[in-house]
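Me: I would like to learn how to read a structure like this one, feature by feature. Please take me through it.

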Amino acid sequence: QSQEIPTNSEGLSIFKAWLFIVGQMAGIGAMVYPSAIFDLVFSFSLLFVIGAIAMFSGLKLSQSWVEVSKNPKYRRQTQNCKEPYPVLANIAFGKAGSWISRISCLATFFFIACIFLIMASQIIVKVFDCFGYSAGCACDIMIYLTIFVTPFTWLPSPKNAWIIANI
């Protein structure tokens, strides 16, 4: 008996939503942590397991989103939604689930931003060292990067951040 995969003709398909979710979940965390902590063989096996879990989770989340967005009862909540995880959690678990999901997403974004700042400051110090200049401590560079990058994160969407492409 074949099971038909639901599709959404008005927005993202399950495959596209799945790619976005897998990219976000398996992106920096799956690449940085295993390689930094464990040896190469164990890192690749751990990377494969994390990727498979992220793939399965992304597929189930995207199928849930398509099903919820097709339901007329939830059409107002899902139409033009910028934060799908809290909406799904609100539908499944109520207001408490929505807040837990929102806090989890914000914590994830914060820690990913911290990892990017650390990596970027270390790269900048190494580049300056390669050219014979002293860039100072990576901690100082991290503070400068934070001061420079943070205002751009306050923009509501990428369409408002066109100026970054020109810098």
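Me: Which residues does Ser98 touch, not counting residues up to four places away in sequence?

Reply: A contact means heavy atoms within 4.5 Å. By that test Ser98 touches Pro86, Ala89 and Asn90. Ser98 itself sits in helix 6 (residues 95-130). Helices (H or I, at least four residues) and strands (E, at least two) are DSSP runs, numbered from the N terminus.

Me: What should I know about the model and its numbering before going on?

Reply: This is a predicted model, in which local features need pLDDT of at least 70 and side-chain atom pairs count only at pLDDT 80 or more, while totals for chains, interfaces and linings use all residues. Residues are numbered from 1 along each chain as its sequence is written, and side-chain values use heavy atoms, with hydrogens and water left out.

Me: How do I read pLDDT, and which elements have the lowest and highest mean?

Reply: pLDDT is the predictor's confidence in each residue, from 0 to 100. The chain averages 78, and 69% of the residues score at least 70. Among the elements, helix 2 (residues 28-37) has the lowest mean, 57, and helix 5 (residues 84-93) the highest, 89.

Me: How many helices and strands does the chain have?

Reply: There are 8 helices and 0 strands. Of the contacts with a separation of 6 or more, 44% come from residues 24 or more positions apart.

Me: Is Ser98 buried or exposed?

Reply: Buried means under 20% relative accessible area, exposed over 50%, and partly exposed in between (1.4 Å probe, protein chains only). Ser98 has a relative accessible area of 10%, so it counts as buried. Other buried residues of helix 6 include Gly97, Ser101, Ile115 and Leu117. In helix 5, Pro86, Val87, Leu88 and Ala89 are buried. Across the 167 residues of the chain, 23% count as buried.

Me: How many disulfides does the structure hold?

Reply: A disulfide is a pair of cysteine sulfur atoms within 2.5 Å. The structure holds 0 of them. Cys105 counts as buried because its relative accessibility is 16%, whereas Cys114, at 26%, counts as partly exposed.

Me: How do I check a helix's length, and what span does helix 6 reach?

Reply: The expected span is 1.5 Å times one less than the number of residues. Helix 6 has 36 residues and reaches 53 Å from its first C-alpha to its last, close to the 52 Å expected. For helix 7 (residues 138-153), with 16 residues, the expected span is 22 Å, and its end C-alpha atoms are 22 Å apart, which agrees.

Me: Where does helix 7 have a kink?

Reply: The bend at a residue is the angle between axes fitted to the seven residues ending there and the seven starting there. In helix 7 a kink of about 30° lies at Ile147, shortly before the proline Pro151.

Me: What is the phi of Asn80?

Reply: Most residues other than glycine have a negative phi. Asn80 has a positive phi of about 55° although it is not a glycine. Asn80 lies in the loop between helix 4 (75-78) and helix 5, and it is exposed, with a relative accessible area of 74%. Gly94, just after helix 5, takes a positive phi of about 90°. Gly132, just after helix 6, takes a positive phi of about 85°.
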